[in-house]
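Student: I would like a close look at a single part of this protein. Could you walk me through that part and what lies around it?

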Amino acid sequence: MISKKKNQKSLFPELDSELSIDSICENGAEYIEVYEKHKVKYEVLNVSDVTFKAGTKEGIHSWFRLTPSYSPELVRFFLDYLGCNKDEIIFDPFNGKGTTIVECQKLGYKGVAIELNPLLYNVTNWSLKWDYDIEYLKKIQNSIQKKFTVNSKKAKDLTIDEFVQKFKLDIPKIHQPFRWWKEYVIKDLLILKKLVYELVEEDNLGVFNIILSVISLDCANIHRNHPTISFDDNHTRDINVWEEFNLNFEKIVRDLTEVQSIKKIKKAKIINGDSTKLTKYLNGIKIDKLITSPPYPNRFSYIHTTRPQLFFMELLDNAKEATELDLKAIGGTWGRATSVLMKDFLEPNKEIKEILDYIPELKEKTLLMCNYATKYFNMMHDHIKELKKNVNPGFKGVYVVGNSRLSGVEICTEIILGKIFEREGFKFDKVAVFRKRGGKKMLYETGVCVSL
Ligand SMILES: C[S@@+](CC[C@H](N)C(=O)[O-])C[C@H]1O[C@@H](n2cnc3c(N)ncnc32)[C@H](O)[C@@H]1O
């Protein structure tokens, strides 16, 4: 899984290097080199592929695409690195699409996770159910196909108003729905959704709900930029909704057949909640190990990026609800969630004031960005205080984060986060470094390793 590369070029020659040796970490994992920066130990590791792309090639993980997710390989690496055993609770407070706990469920670890975004929560919940009767699923798929073919034909020449009336269906309440979807596409998507809810009983819905969530974005008029999406207004692609539905169905059925042969599955648990208020949501569960990737302080909004699916799956009803969720989210801001940060200087939580070293310079340059970063660290601080109340003795965890540059000022996320942990009584053990991103800007991804 990890290979040591002798004489490999330093990933970070720019860093203050006090040590630089090829060696073996205390826990047996191999690393390329070790640095010290701000008196913190940085271990540069060699993990093959840490990005979402690796997940697109693995069973279950490939069902739903979330560009900022990490790879199952990285989860496997950290399960070893932290010395996790199969009786322990492995927790992910920022679940995303569930890479950590899906991998835990595959490998027989006890996974628990929390996710704020209702789409990502649902997708994870659906991805954790594997005990379907596959032959029965195939029969349902056949019935859906027959009825879809008839209804799609009937809808073809209707205007949108006639379609809505005749089929008694609502157009998703997203702003500019027909910019998101061509009329023939949204008609077919809505027909499929209606048929799924008419023909599939509760217990079998998960598979079909995942597919609807996936194709509502795949069939939209979008470009995928890394990691966001933008409109592709002038494309001439022929979008075949049924084909997309069926391709996803076949992939899922293949994976289910494979995982059903796993002998000892420990069903993981996903909770829809807010990790700044852990105690309320964990409800007595005590955590032994933690593997997670919180949002980075880079303004990426998970609500904004998943809004076509949130609206299509009727998980959001209006823009106000989207803003409310974004205000609760750590990280991203857009729309009104940004304008509330534009007013006065946002005070850091008093316990972490001294740690937020970017404030003087960033405040001078842009109050909005300064407030944005402070909101991020205040919320991470709230999360860390709550975490402390919910861990077992011997706790160890890793937070995968990226540093960022806001208006030219470097936010050294890993150091700030590590120091906030120390401030709350945790041990800031080291920083595991595994990926450089963004070329000249010296952006990188690290795992902040902490224990108690
Ligand atoms: C970087 S993503 C996690 C990706 C994940 N590692 C994966 O592989 O899919 C961060 C997640 O944190 C979630 N999040 C943001 N604020 C949160 C909060 N207050 N409580 C729980 N989850 C939150 C976001 O919705 C997003 O899904």
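Student: Which residues of α3 are buried?

Tutor: Happy to help, and a word on the model comes before the helix. This is a predicted model, in which local features need pLDDT of at least 70 and side-chain atom pairs count only at pLDDT 80 or more, while totals for chains, interfaces and linings use all residues. Residues are numbered from 1 along each chain as its sequence is written, and side-chain values use heavy atoms, with hydrogens and water left out.

Now to your helix. The buried residues of α3 are Thr99, Thr100, Ile101, Val102, Glu103, Cys104, Gln105 and Lys106. Buried here means under 20% relative accessible area, with a 1.4 Å probe and protein chains only. Helices are DSSP runs of H or I with at least four residues, numbered from the N terminus. Because eight of the nine residues of α3 are buried, the helix is largely enclosed by the rest of the structure. Just after α3 comes Gly108, with a positive phi of about 90 degrees.

α3 also takes part in walling a cavity: α3 (99–107) and α4 (118–127) each supply at least two residues of the lining of the largest cavity. A cavity is a set of points, on a 1 Å grid over the protein atoms alone, where a 1.4 Å probe fits but cannot get out; lining residues have an atom within 4 Å of a point. The volume of the largest cavity is about 60 Å³, the volume being the space filled by probe spheres set on the points, which are joined across faces, edges and corners. Its lining includes Thr99 and Val102, along with Ile60, His61, Trp63 and Phe64. By class, five lining residues are nonpolar, four polar and one charged. In this scheme Ala, Val, Leu, Ile, Met, Phe, Trp, Tyr, Cys and Pro are nonpolar, Asp, Glu, Lys and Arg charged, and the others, Gly among them, polar.

Thr99 turns up again at the ligand. There, 25 residues surround the ligand, and Thr99 is listed among the closest, with Glu115, Ser275, Tyr302 and Ile330; a residue counts as near if one of its heavy atoms lies within 4 Å. In the side chain of Glu115, an N or O atom is 2.6 Å from a ligand oxygen atom. A polar backbone atom of Ser275 is 2.9 Å from a nitrogen atom of the ligand, and a backbone N or O atom of Ile330 also lies 2.9 Å from a ligand nitrogen atom.

Terms used:
On a 1 Å grid over the protein atoms alone, a cavity is a set of points where a 1.4 Å probe fits but cannot get out, and a pocket is an open set with protein on both sides within 12 Å along at least five of seven lines; lining residues have an atom within 4 Å of a point. A polar contact is a pair of N or O atoms within 3.5 Å; within protein, one must be able to donate a hydrogen and the other to accept it, and residues adjacent in sequence count only if both atoms are side-chain atoms. Buried means under 20% relative accessible area, exposed over 50%, partly exposed in between (1.4 Å probe, protein chains only).
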